[in-house]
Amino acid sequence: MNQLTTELVELLTLEKLEENLFRGISRNIVGKRVFGGQVLGQALRAAAMTTDRPAHSLHAYFLHGGDIKAPIIYHVEHLRDGKSFVSRQVKALQHGKVIFTALISFAPQEEGLNYQTSEPEYPAATTLKTEQELKESIVNFLPENVRVNFMRERHIDMRYVSVTNPFTPQPEAPSRAHWMKTWDSLPDDEGLHQAIVAFSSDFALMGTGLMPHGISFMTPNLQAASLDHTLYFHKPVRADQWLLHDMDATVTASARGLNFGRMWQNGELVVSTVQEGLMRVRETEER
């Protein structure tokens, strides 16, 4: 298996400490704090280990930034074990405090009413440049102190439909899309596939709300953080096959932005995402 895929699977493989209590490792994905997608994926993985049903919805709140140098403990509480629906609450703990909490609901696939909105038309993933190719094209814009981290290869193969230079952003409509999948094939473990999709869903979604303001995560004095994150799993999904994440933002107000996403696979709308993010631009670094 590809090394990056192996590392991702290891990141989302938890150690069971005792009943309903699990420990996950941390890895530097985006910087000094734990990547929100890591906690989303690990929390979903922890809850999935207490049931044999796939998840259909996850509603999460990020409460404190996580420490990448320390493991995270996940406590799973059983709220409901019904004939159809199973409900779990997961709390992620680090250094004696809750840094994240989520309500996750599980249900079996069943036949019923079936409708979906129209899939957007975008170029196929294989026709687009790799993320590393795009990074190489702007390497001269990178300050020396961020170049190494910025140029690291991501654990997910991402192909961007529309491309902007994050060091010279311009105001534009808050709408974008990218394709994504793991670098290598994965075993037929539905819980693992859903956890990797949750992990991947945190890339780029919040940045959609920055677009109309002509700023990016590279903008000086920007304070940005995920506040909450929601996932709806409509149909079975594979993280090792191309997924199109089509995203837009509807409003920015009160230093927050609201972002929506739809994930498509083989013509099927398989996952929907919602995220609210903190967006503050300070006048000076001292403030």
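**Figure 1. The whole chain holds 5 helices and 12 strands.** Welcome to this predicted model, which we first look at as a whole before moving in on the details. The chain has 287 residues, and for a compact globule of that length we would expect a radius of gyration near 19 Å; the chain has 19 Å, so the two agree. Along the principal axes, the C-alpha atoms fill a box of roughly 55 × 45 × 40 Å. How much of the chain is buried? Buried residues account for 48% of the 287 residues. The contacts also tell us something about the fold: of those between residues at least 6 apart in sequence, 70% join residues at least 24 apart.

**Figure 2. The 12 strands come together in one open sheet.** Reading across the sheet, the order is β1-β2-β4-β5-β6-β3-β9-β12-β11-β10-β8-β7, and the pairing is antiparallel. Which strands lie at the edges? They are β1 (15-18) and β7 (156-160), each of which pairs on one side only. From one strand to the next, the twist averages 25°. A reminder for anyone new to sheets: strands pair through backbone hydrogen bonds, in either a parallel or an antiparallel way.

**Figure 3. At one edge of the sheet, β7 runs antiparallel to β8.** Strand β8 covers residues 175-182, and 5 bridges join it to β7. To find one of these bridges for yourself, start at Tyr160: its bridge partner in β8 is His178.

**Figure 4. Strands β4 and β5 make a hairpin.** Here β4 (residues 72-81) pairs with β5 (residues 86-94) in the antiparallel sense, over 8 bridges. Between the two strands there are 4 residues. Look for Asp81, which stands opposite Val86 in β5. While you trace the strands, keep in mind that in a regular strand the side chains alternate between the two faces of the sheet.

**Figure 5. Strands β5 and β6 make a hairpin with 2 residues between them.** Strand β6 spans residues 97-106 and pairs with β5 in the antiparallel sense over 9 bridges. Gln94 has Lys97 in β6 as its bridge partner. In the turn you will meet His95, which has a positive phi of about 55°.

**Figure 6. Phe35 and Phe203 form a stacked aromatic pair.** The structure holds 4 aromatic pairs, and this view shows one of them. Two values describe any pair of aromatic rings: the distance of the centres and the angle of the planes. For Phe35 and Phe203, these are 4.7 Å centre to centre and 20° between the planes. Which parts of the chain does the pair tie together? Phe35 lies in the loop between β2 (21-24) and α2 (36-48), while Phe203 lies in the loop between α5 (190-200) and β9 (222-233), so the pair links parts that are 168 residues apart in sequence. Are these two residues buried or exposed? Phe35 has 5% relative accessibility and counts as buried; Phe203, also at 5%, counts as buried too.

**Figure 7. The neighbourhood of Phe203 includes an aromatic cluster and a charge.** Phe35, Phe199 and Phe203 form one aromatic cluster. The charged end of Arg154 sits over the ring of Phe203, at 4.3 Å from its centre. Elsewhere in the chain, Lys181 lies over the face of Trp242, 5.0 Å from the ring centre.

**Figure 8. Asn221 and Asn266 each have a positive phi without being a glycine.** For Asn221 the angle is about 70°, and this residue lies in the loop between α5 and β9. With 24% relative accessibility, Asn221 counts as partly exposed. Asn266 has a phi of about 55° and is found in the loop between β11 (256-265) and β12 (268-281). Is Asn266 buried or exposed? Its relative accessible area is 68%, so Asn266 is exposed.

**Figure 9. Ser118 and Gly267 are 149 residues apart along the chain.** In space, their C-alpha atoms are separated by 9.0 Å. Where does Ser118 lie? You will find Ser118 in the loop between β6 and α3 (131-137). Ser118 has a relative accessible area of 65%, which means that it is exposed.

Conventions: Residues are numbered from 1 along each chain as its sequence is written. This is a predicted model: local features need pLDDT of at least 70, side-chain atom pairs count only at pLDDT 80 or more; totals for chains, interfaces and linings use all residues. Side-chain values use heavy atoms; hydrogens and water are left out. Rings of Phe, Tyr and Trp (its six-membered ring) pair if their centres lie within 6.5 Å; planes under 30 degrees apart count as stacked, over 60 as edge-to-face and the rest as tilted. Buried means under 20% relative accessible area, exposed over 50%, partly exposed in between (1.4 Å probe, protein chains only). A charge sits over a ring if NZ of Lys or CZ of Arg is within 6 Å of the ring centre and within 35 degrees of the ring normal. Two strands pair if DSSP finds at least two bridges between them. Axes are lines fitted to C-alpha atoms, for helices over the stretch in contact, and angles run from 0 to 180 degrees between N-to-C directions. The radius of gyration is taken over C-alpha atoms; the globule rule is 2.2 Å times the number of residues to the power 0.38. Contact means heavy atoms within 4.5 Å.
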